[in-house]
Each structure stands twice: as structure tokens, then as C-alpha cells.
Amino acid sequence: MKIYNTLTKRKEEFVPIEPGKVRMYVCGPTVYNLIHIGNARPMIVFDTVRRYMEHKGYEVNYVSNFTDVDDKIIKKALEEGVDSAVISKRYIEECKKDMKSLNVRPATTHPLATQEIDGMKEMIASLIEKGHAYAGADGTVYYRVSSFPEYGKLSHKNLDELEGGKRSLLVSGGDQKEDPLDFVLWKPKKEGEPFWESPWCDGRPGWHIECSVMSKRYLGDEIDIHAGGEDLIFPHHENEIAQSEAANGKPFARYWMHNAFLNIDNRKMSKSAGNFFTVRDILKQYDPMVLRFFMLSAHYRSPLNFSADLMEAAKNGLARICTAVSNLHFMLSNANDGPLTEQEETLLEQAEKYEAGFDEAMDDDFNTADAIASIFELVKFVNTHANAGCSKTCLQALLERILALTDICGLTVEQEEELLDEEIEALIEKRQAARKAKDFALADEIRQTLQEKGILLEDTREGVKWKRA
Ligand code: AMP
Ligand code: ZN
């Protein structure tokens, strides 16, 4: 399996630190709003990487954080007149709902910045002790970039080049910096902001330190893969390397993976530019699997331009697979039991080449575009050769092959069976019991599950009423 490594600018054979195991960290969103479909790109891409690695037999420890302390969260909290924890908690829940719709599996661990402050203070203290950081007069702590000669190795910028651009890097508190390139590890509190005590001042961490600390805590000093969108290469990931390697005295991540942008009118989709669609917006029009299919239809390192035409193409492509699967189900319901005929054995052998094609594409830096092309070839083969005369065993084997590949892509292609009335009523009863026990999370989850299956609940004075949407 080859991975393109931003650090070396080459595709390299993947060799994990510990055989059979993968330690992977993916930078997650800052939670002050519903996520947009640009944010969903790394989630879908790296969830697919994880699924493929598991298919290859690796045990993947997948860590992805939520940045829950940040200027934008604080601003939103002030606007709404609530605590910033109210904002971050709300949008973490909303983000998790979107992930679930898009079939992005929860990470092994989703750490929160605000829960890891002690670890951050420890790492900052150790950086100061080793001469890699210093505190200014007001208690702001800066990383001393000149103390880390390898600074720039990920973004392939050299220090001279960066020095040339120094003036643009002068930011608040800049006059206390030894050098404009130095970046903030800890900053003093401002009125009305959340803060934590520290040896330097009451304040809060800079953004970069959280990922170095969470990665160390949940995955160890050295990890296999560190990933995120390409906007994170500089300065975020460059700074993470400087922090982690200086503090731990070991190489940080072996493979650095970065997805290209999801664009709109060939410009990066972003909250700040205002040219974005939330995942929720898109799911009003399309099935979540269409969005997932659209994201995987391009290689993750190629820019992807969002357009109605491409979404329609994704919808049609996915429908082709779903139709083949539902035809197989129909044939299966009428097929005869019996051993494979010789002809069927040959058929199944021939079908293997599409799985091999899929794996070959994925082994080449997770080329999902080509992998999906192999699924289409398999579907075409099945459409041509599977018929009502085939045995159950043969049809079942063909079905399982399609499903194995779509499952690696996280694409659900089987129609969900409708819930029976008794099943709905049992779930409603479970929800009532959860509410009584004040387990509102479970109650919400049940409502959400029902909603996804098209069952709408209405709480009335006479009890809960339900209807099919
Ligand atoms: P943020 O909340 O801005 O820190 O972003 C969370 C993740 O989404 C990061 O990995 C970003 O690199 C990624 N991201 C943000 N915007 C886009 C975009 N338009 N296309 C692809 N990835 C993006
Ligand atoms: Zn990060």
C-alpha cells in the first residue's frame, strides 16, 4: 500500500511502526457552526482510508479532535449571550449527527481541547525548560522557531523565505516576540473569555498545541499517519511538528496526508468567505450517500468543484449500483438452492479481477476514483451474467462481493427494510422510558433513528403519536 507523504513529496510504501496496527490522527473541526461540505471532505476521505486499512487487516486507532475553545466560538457565545461551552457542545452534537448520516464512523477517541489543558500546560513547561519556548512580560508563551532548525520541512519552506515574509507574520503581542516567526502556545485571558490558571498567566492555549498533546496522549510520541485538509500544512502542522519533536525528542508522524479543497466556482469553500453549503443544506436535496459518493468520485489530492451537475452524476452513478443490488435481492428471493455449477464457479473466478482492480486502485494512495470504476465494472459484469437461472449460492456470492467493496467506501447501497408498526411502537416505548430516566441523549438518539427511517413523532397530551413521512 502506497501513501503520498507531504513530508517527502513522494508516494511511499506504508510500513507501520507496530506491525498490524495503525495510529492515525485527523485534525477535526472548530465547533461554532454546522459543518459545511468542505469540512465533510476530510471526514469522508479519512474514514474511507480507515475502512480500507481495516479491510487489509490493520487494527486502526483513529483519533480526531474537536477544537472547542477558539475566538470564533467565544464570539458566537457572546452574540448569543451564553457560555462558550453551550456553543461547542451544541455543534459537536450536530457534527456527530452529520457524520452519522454520512456513514462516517465515530473515531476511536474524539478528544476535546478543553479537557486536555493540563497536558498542554505540561508540554509548554517542558518546551520552556528545553529552551524551545519563552514567556513574554504579559505571560504570553511563544515557541522559539529558531530553536528548531528543521522548521519548514513539511511545508517545504525554508527559514530564509519565511524570514522574508516576516512582516506579514507580526500579530498581536508581536512586540514581545524575539522573532516574528515565533508562534503562541499560551495567551492571557481577555474579559469575558474562558480561561485556565497557569504558571505564566490566567489564559488559554494557542490552537496548535492541542493536537500535539492529544496525539501524544492517545497515540504515543510517534504515530503513523497525521492527516487533514491542505490548508493545515502551514502553519498548523508545521507548528505541531516543531512542538512535538522538540518536546518528545522523536520524529512525530511518519506519513502526512492532506486532502485538496472542495471548491465552489473554483474557490475554496469556507465559512469565512461565506461561499459554503452546510451538510444539512445538501441533505435536504440529496440522499447522504450521494454526497459521500460525490466526495469519493475524485482522488483526495485533486481539487473537487461542487456543482449540481456533478451531484446529479453522483446520484445516477450510485443508483446504478443500488439497482444492481436490488435486482440481485429480487433474483435471490426466487432462486433455487443448490451447489455451484461449473459455469458459476468460472463466473465467480472471473469476478475476482474487479476486486483485485479495486484493491490495486486503493493501494495506490487511496485512488477512490479508480476504485469506484472497478465497482462499476463489477456491477456491469453482474448485470450481464446474473440471471434468474443462477443458484442462490452464486447470486449470494456476487451480492456479497459488491457489498464488500461498497462497504469499504462507506456507501450503503441496500434499501432499508421498512420498520413494522410493532417495531416503531417498541422504539417509542423505549424512548419514553429513557425520558423518564432522564436519559435525554438516548431519547434523542431514538427519535433520530426513527426520523432517519421516515417516522415522525409528535408529543401530544394524549401521548406520543407517530406517522410515516
Ligand atoms: P476547520 O473547522 O476550518 O478547522 O476545518 C476542519 C477540517 O476541514 C480541516 O481538516 C480543514 O482542512 C478541512 N477543510 C475546511 N475547508 C475545506 C474545504 N473547502 N475543502 C476541503 N477541506 C476543508
Ligand atoms: Zn490539528
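## Exercises on a predicted model

Four strands make an open sheet, ordered β4-β3-β9-β10, and their pairing is parallel. Keep in mind that you're looking at a predicted model. Let's work through it bit by bit.

### Exercise 1: the parallel sheet

**Task.** Find which strands sit at the edges of the β4-β3-β9-β10 sheet, and work out which residue of β9 stands opposite V26.

**Solution.**
- Step 1. Start with the edges: β4 (59–64) and β10 (253–259) are the edge strands, and each of them pairs on one side only.
- Step 2. Now check the twist, which averages 20 degrees from one strand to the next.
- Step 3. Go to strand β3 (residues 21–26), which runs parallel to β9 and is joined to β9 by 3 bridges.
- Step 4. Look along that pair for V26, and you'll find A227 of β9 opposite.

A bit of background: strands of a sheet pair through backbone hydrogen bonds, either parallel or antiparallel.

### Exercise 2: the antiparallel sheet

**Task.** In what order do the strands of the antiparallel sheet come, and which residues face each other across β7 and its partners?

**Solution.**
- Step 1. This open sheet has 4 strands in the order β5-β6-β7-β8, with antiparallel pairing.
- Step 2. Its edge strands are β5 (133–135) and β8, each pairing on one side only.
- Step 3. The average twist from one strand to the next is 20 degrees.
- Step 4. Take β6 (residues 141–143) and β7 (residues 183–188): they run antiparallel, with 3 bridges between them. Here Y143 stands opposite F183 of β7.
- Step 5. Move on to the other partner. Strand β8 (residues 203–205) pairs with β7 over 3 bridges, again in the antiparallel sense.
- Step 6. Read off two facing pairs: P188 has G203 in β8 as its bridge partner, and W186 stands opposite P205 in β8.

### Exercise 3: what surrounds ligand 1

**Task.** Work out how many residues surround ligand 1, which polar atoms reach it, and how much of the ligand's area the protein buries.

**Solution.**
- Step 1. Count the shell: there are 18 residues around ligand 1, and the closest are T30, G229, D231, L262 and M269.
- Step 2. Sort the shell by class, and you get 8 nonpolar, 8 polar and 2 charged residues.
- Step 3. Look for polar atoms. An oxygen atom of ligand 1 is 3.1 Å from a backbone N or O atom of T30.
- Step 4. Try the side chains next. An N or O atom in the side chain of N39 lies 3.3 Å from an oxygen atom of ligand 1, while an N or O atom in the side chain of N259 lies 3.3 Å from a nitrogen atom of the ligand.
- Step 5. Turn to area. On its own, ligand 1 exposes 490 Å², and the protein buries 90% of that.
- Step 6. Ask which elements give two or more residues to the shell: they are α1 (37–55) and β9 (223–229). The top contributor is α1, with 3 residues.

### Exercise 4: backbone oddities

**Task.** Find where the cis peptide bond is, and say where N103, with its positive phi, is found.

**Solution.**
- Step 1. Recall the usual pattern: most residues other than glycine have a negative phi, and most peptide bonds are trans.
- Step 2. The cis bond joins F234 and P235, with omega about 0 degrees. You'll find P235 in helix α8 (residues 233–248).
- Step 3. N103 isn't a glycine, yet its phi is positive, about 60 degrees. Look for N103 in the loop between α3 (84–101) and α4 (117–129).

### Exercise 5: stepping back

**Task.** Into which domains is the protein divided, and how far apart are the C-alpha centres of domain 1 and domain 3?

**Solution.**
- Step 1. List the domains: domain 1 (2–259), domain 2 (279–408) and domain 3 (421–468).
- Step 2. Compare the C-alpha centres of domain 1 and domain 3, and you'll get 39 Å.

Methods: Residues numbered from 1 in each chain as written. Chains lettered and ligands numbered in written order. Predicted model: local features only at pLDDT ≥ 70, side-chain atom pairs only at ≥ 80, totals over all residues. Heavy atoms only, no water. Domains from an automatic or database assignment. Pairing = 2+ DSSP bridges. Near = heavy atom within 4 Å. Polar contact = N/O pair within 3.5 Å; in protein donor to acceptor, adjacent residues only side chain to side chain. Areas by Shrake-Rupley, 256 points an atom, 1.4 Å probe, with all protein chains shown as cover. Nonpolar A, V, L, I, M, F, W, Y, C, P; charged D, E, K, R; others polar. Axes fitted to C-alpha atoms, helices over the stretch in contact; angles between N-to-C directions.
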